[in-house]
Amino acid sequence: MNLKPLSRAVLTAALATGLSATSAFAVTPVRAPASTQKPAATEKPFVKGAPTKPTDTQAQAQGQDAQAQPQGQRPEIEVAFVLDTTGSMGGLLEGAKQKIFSIASRIAKGKPTPHLKVALVAYRDQGDAYVTKRFDLSDDMDSMFAELRKLDANGGGDHPEHVGRGLGEAVSLLKWSQDREVMKVIFLVGDAPPAQREAAWDFKLWSKRAKERHIVVNTVRCGADASTEESWRYVAKLTDGTFDSIDAAGGMVAVATPYDAELSRVNAELASKTLYGGRAEARAMNVARAEATKGMAAEAVADRISYMKTSRGVGKSAPSAGAVSSAPAAVAGGVDLLEKPAALDALKDDELPQELKGLKKEEQAAKVKQLAAERKVLEEKVAKLATERDQWLTKNAPAKEDAFDANVMKSVKTQAAKFGVTY
């Protein structure tokens, strides 16, 4: 492959917007499993250093959306993206960073509104900086976005990649629901065929395991490699999935609109209106999540707002749904004081955000009230701009049907209908 490293600016942005020094990703070491015998259908292969359940820190980073409505009888959709992150995939990877909220927003528009969980498995090959990185199934899209932003495209160069391990870890190590009524889908995205590595991670073996576990594998080939197409079609046909082929950049073209500059400005200001209480580590993590939304492109901002309003507004009246906050939900035991001002009374001095330390109790309460009012105004403004941007695009720049996100939605629409969700 021809390596296509990211620009220094993109790398800097990715580092600047990361969650924290503790990543939610589980990184699989380069070394092979201790055993190369094929595991039984009900067993997971032993991978030294790769825990089969997340640590406390990982579970916190993958915290559930604190503002989500009770799920009730909402249909559930679980989607895992298995992405080749070697050098030649730079174009699609950068596009995916912008499109993840677009995909989530479009899936959330199903009727009835589904409860969506998304996972990510990034894979390369033996000899690269890592073989795989995993982010488990979660409805915390802000954490997913932050982790995706930290990925870069690098390594590879020998054409076949360790696709079998990427697919195998997605099938065996992600925490899929055991309920047959839950829609379970993998999107396998790459431009190179599976390498023949250790038997425990054989590509065809894990294609069969996916079928046995009722996980549909939809494949998206980037570029025009014939051997990749052969493997991609094999697993798609075996699991009743779809095969699509797109250009190496994912068919994603940025479209400028008259609303972009103002939308980005207001969103950055909104991201600054935060007051998180709790342990120092929790406060730092939540501030980093909020900071990660500052540098979003206008398109990602609009899609994120749309997703948050749809997913958090389920079961609410129209006025109430429109008023739900789009701020990143507090995780890791932290508390968003602008959403829950009453929690201020229970915080110890060392759990206060820096902005409130040294103030009297009444001054703290006044500060919280002031920032909450300012954030509400900004949220209303950014939601209005996002809606106006969407309306402009509908009239002036219809979405490309061969783009990565369009291909994903084409498959989702067809498969979701079997689970009672229509689009």
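## Buried Arg283 and the helices of a predicted model

Arg283 is buried (under 20% relative accessible area, 1.4 Å probe, protein chains only). Yet Arg283 has no salt bridge (a side-chain nitrogen of Lys or Arg within 4 Å of a carboxyl oxygen of Asp or Glu). The nearest side chain of opposite charge, Asp350, is 6.4 Å away; Lys and Arg count as positive, Asp and Glu as negative, and His and the chain ends are not counted. This is a predicted model, in which local features need pLDDT of at least 70, side-chain atom pairs count only at pLDDT 80 or more, and totals for chains, interfaces and linings use all residues. Residues are numbered from 1 along each chain as its sequence is written, and side-chain values use heavy atoms, with hydrogens and water left out.

**Surroundings of Arg283**

- Arg283 sits in helix α9, residues 280–292. Helices (H or I, at least four residues) and strands (E, at least two) are DSSP runs, numbered from the N terminus.
- Neighbours within four places in sequence are set aside here. Arg283 then has contacts (heavy atoms within 4.5 Å) with Tyr276, Gly277, Gly278, Asp350, Glu351, Leu352, Pro353 and Lys357.

**Chain overview**

- The chain holds 13 helices and nine strands.
- Of its 423 residues, 54% are buried.
- Take the contacts between residues at least 6 apart in sequence: 82% of them join residues at least 24 apart.
- The accessible surface is about 18,200 Å² (Shrake-Rupley method, 1.4 Å probe). Carbon and sulfur atoms account for 53% of that surface.

**Helix α12**

- Helix α12 covers residues 361–396, 36 residues in total.
- From first C-alpha to last, α12 reaches 52 Å. That is close to the 52 Å expected at 1.5 Å a residue; the expected span is 1.5 Å times one less than the number of residues.
- Buried residues of α12 include Gln364, Arg375, Glu379 and Arg389. Val368, Leu371, Leu378 and Leu393 are also among them.
- The cover over the buried residues of α12 includes α8 (260–271), α10 (298–312) and β9.

**Helix α8**

- The 12 residues of α8 should span 16 Å at 1.5 Å a residue, and the end C-alpha atoms are indeed 16 Å apart.
- Asp260, Leu263, Val266, Asn267, Leu270 and Ala271 are buried in α8.
- Seen down the axis of α8, these buried residues fall within an arc of 135 degrees, so they line one face of the helix. The arc is that of the directions from the helix axis to the C-beta atoms.
- Among the elements covering the buried residues of α8 are α9, α10 and α12.

**Backbone details**

- Lys111 and Pro112 are joined by a cis peptide bond, with omega about -10 degrees. Pro112 is in the loop between α3 (90–108) and β3 (115–123).
- Asp240 is not a glycine, yet has a positive phi of about 65 degrees. Asp240 lies in the loop between α7 (226–238) and β7 (243–246). Asp240 is exposed (over 50%), with a relative accessible area of 54%.
- Ala332, also not a glycine, has a positive phi of about 60 degrees. The loop holding Ala332 runs between α11 (318–322) and β9 (335–336). Ala332 is buried, with a relative accessible area of 10%.

**A long-range pair**

- Ala96 lies in helix α3. Ala96 is buried, at 5% relative accessible area.
- Phe404 is 308 residues from Ala96 along the chain, and their C-alpha atoms are separated by 7.9 Å.
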